[in-house]
Amino acid sequence: MGSPGPQPGAPEDQQRGAGSRSRVYGRQRSGQSPVKPFGSRSDSGEPAPRRPRRKISWKMVVGGLAGLLVLLLVAAIGMFFWIDSRLAGIDGVLDDYEGRPGDTPGTNWLLVGSDSRKGLSAAQRKKLATGRAAGQRTDSMMLLHIPEGGDKPTLVSLPRDSAVTIPGRGRDKLNSAYALGGPKLLVRTVETVTGVHVDNYMEIGFAGFVDIVDAVGGVEINVRAAVNDPKAGLKLKKGPQVLTGSQALGYVRTRKGGALPDFERTKRQRQFLGAVVKKAASPGVLLNPFTAIPLAMSATDAVEVDSGTGAFNMLSLGLAMGDSPVTTVVPFGGNETVAGGGAAVKWDRTKALALFNALKEDKPVPKDILDAG
């Protein structure tokens, strides 16, 4: 007779029998050895040896750094082209004309701050004390020469009330050139009276000015004397302090202070321009995406350039301004009455020619000319 089958009620292992297969997580397994529990001990009871940790080699470190550098390079190139695509170009600003000064060594920029209220609401105009003036004029003008060699750049203020000859318009104040014929006539006027060929043009209005300063978190300025000018919406104490966008706008616009208010005004404009560019080009701003991206957006929204100026030229401008340029103003003395605007600033012809000839020849400006300015 065959062997008796499993008895009812017997334990499950007895019912399977010695030769039957056991189950592991619901599946049958072969063999008769007991199932070992999960753990880290060997058959002898000793802890199982740990797998050695993988050592980080110098090749892995170098490879990781190289990958990071490539990623940063790709991001930088992408941002460069993104900025270039956002720059607003003005057509025809630097078009040739009969009698235009020839190109000279180095690079010459005409930097213009206009009194445009474009982009400002009524509340903002009131807060910034910009008034409601119609039209658009130049509030500040500077000529920046970037030399080809290792000399420092030179930044020259051109007083807005300078008495000049505007092509086709006669004798008038320099800022009238912009009001009468826009950037194109202004460039031609500057080239005519200085003999300096302008290679690049950049312009910024009130709203853009404020946005750029606020994007870099304010700019530190050493205020030489306390200022209280309700017309410019400005009240500052003497000494170093961080100015907000609205304060900075008032600081470069005020005519308060000094025996020669316009002369002091041009000094403040040069001082501020150097400070804001240095702040914008600092590693703490450029390497921080939370400041670099808003700055790039504000700057490209704020400025207008000639159609031939791109991101590479703007980078060159930033590097030049960050190199602590030599700063001065066109030497002047006395006043001249012009038909269209009353009393205007008369340049010292001899010293002004020496200044502009040095720029044309890509040479340092003589010290006595700098002292005169």
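This is a short talk on one predicted protein model, from its overall make-up down to single residues.

Let's start with the whole chain. The protein has 373 residues, and 40% of them count as buried. It has 12 helices and 17 strands. Now think about contacts between residues at least 6 apart in sequence. Of those, 65% join residues at least 24 apart.

Next, confidence. The mean pLDDT of the protein is 78. Some 75% of the residues reach 70 or more. Two stretches need care. Over residues 13–20, the pLDDT is below 50. That stretch has six contacts in the model beyond near neighbours in sequence. Over residues 124–135, the pLDDT is again below 50. Here the model shows 24 contacts beyond near neighbours. How should we treat such places? Where pLDDT is low, the predicted coordinates should not be read in detail.

Now the inside. How many residues does the largest nonpolar core have? The count is 40. Seven residues have the most contacts inside that core: Leu111, Leu144, Phe209, Tyr251, Phe272, Leu273 and Val276. Take Phe209 as an example. Leaving out residues up to four places away in sequence, Phe209 touches Ile204, Gly245, Ala248, Leu249, Val252 and Phe272. Apart from the largest core lies another one, of 30 residues. Its members include Val112, Leu143, Leu158 and Trp347.

Look back at the partners of Phe209. Gly245, Ala248, Leu249 and Val252 are among them. Those four also appear among the buried residues of helix H6, along with Gly250, Tyr251 and Arg253. Helix H6 runs over residues 245–253. Is H6 enclosed or open? Seven of its nine residues are buried, so the helix is largely enclosed by the rest of the structure.

Tyr251 has a second role in this talk. The charged end of Arg268 sits over the ring of Tyr251, 5.9 Å from the ring centre. There is another case of this kind. The charged end of Arg188 sits over the ring of Tyr97, at 4.4 Å from its centre.

What about aromatic pairs? A search of the whole structure finds one. The partners are Trp347 and Phe356, with ring centres 5.9 Å apart. Why is the pair called tilted? The planes meet at 45°, and tilted covers angles that are neither under 30 degrees nor over 60. Both partners are buried. Trp347 has a relative accessible area of 15%. For Phe356 the value is 1%. The cut-off for buried is under 20%, so Trp347 qualifies.

Now a few single residues, beginning with His197. Where does His197 sit? Its place is the loop between helix H4 and strand S9. Buried or exposed? His197 has 12% relative accessibility, so it counts as buried. Its side chain reaches the backbone oxygen of Pro101 at 2.9 Å. Beyond its neighbours up to four places away, His197 touches Arg100, Pro101, Gly102, Asp103, Asn108 and Glu191.

Next, Ser307. This residue is in the loop between strand S14 and helix H10. At 49% relative accessibility, Ser307 counts as partly exposed. Exposed needs over 50%, so Ser307 falls short of that label. Ser307 and Leu94 are 213 residues apart along the chain. Yet their C-alpha atoms are separated by 8.6 Å. Leaving aside neighbours within four places, Ser307 is in contact with Gly89, Ile90 and Asp91.

On to helix H10 itself, where we find Asn313. Asn313 is partly exposed, with a relative accessible area of 25%. A polar atom of its side chain lies 2.9 Å from the backbone nitrogen of Gly310. Outside four places in sequence, Asn313 touches Trp109, Asn200 and Gly308. Asn200 is 113 residues away along the chain, and the two C-alpha atoms are separated by 8.2 Å.

Last stop: Asp362. Look for it in the loop between helix H11 and helix H12. What is notable about phi here? The phi of Asp362 is near 60°, a positive value in a residue other than glycine. Asp362 has 16% relative accessibility, so it counts as buried.

Methods:
Residues are numbered from 1 along each chain as its sequence is written. This is a predicted model: local features need pLDDT of at least 70, side-chain atom pairs count only at pLDDT 80 or more; totals for chains, interfaces and linings use all residues. Side-chain values use heavy atoms; hydrogens and water are left out. Helices (H or I, at least four residues) and strands (E, at least two) are DSSP runs, numbered from the N terminus. Buried means under 20% relative accessible area, exposed over 50%, partly exposed in between (1.4 Å probe, protein chains only). A polar contact is a pair of N or O atoms within 3.5 Å; within protein, one must be able to donate a hydrogen and the other to accept it, and residues adjacent in sequence count only if both atoms are side-chain atoms. Contact means heavy atoms within 4.5 Å. Rings of Phe, Tyr and Trp (its six-membered ring) pair if their centres lie within 6.5 Å; planes under 30 degrees apart count as stacked, over 60 as edge-to-face and the rest as tilted. A charge sits over a ring if NZ of Lys or CZ of Arg is within 6 Å of the ring centre and within 35 degrees of the ring normal. A nonpolar core is a set of buried Ala, Val, Leu, Ile, Met, Phe, Trp, Tyr and Cys residues joined through side-chain atoms within 4.5 Å. pLDDT is the predictor's confidence in each residue, from 0 to 100.
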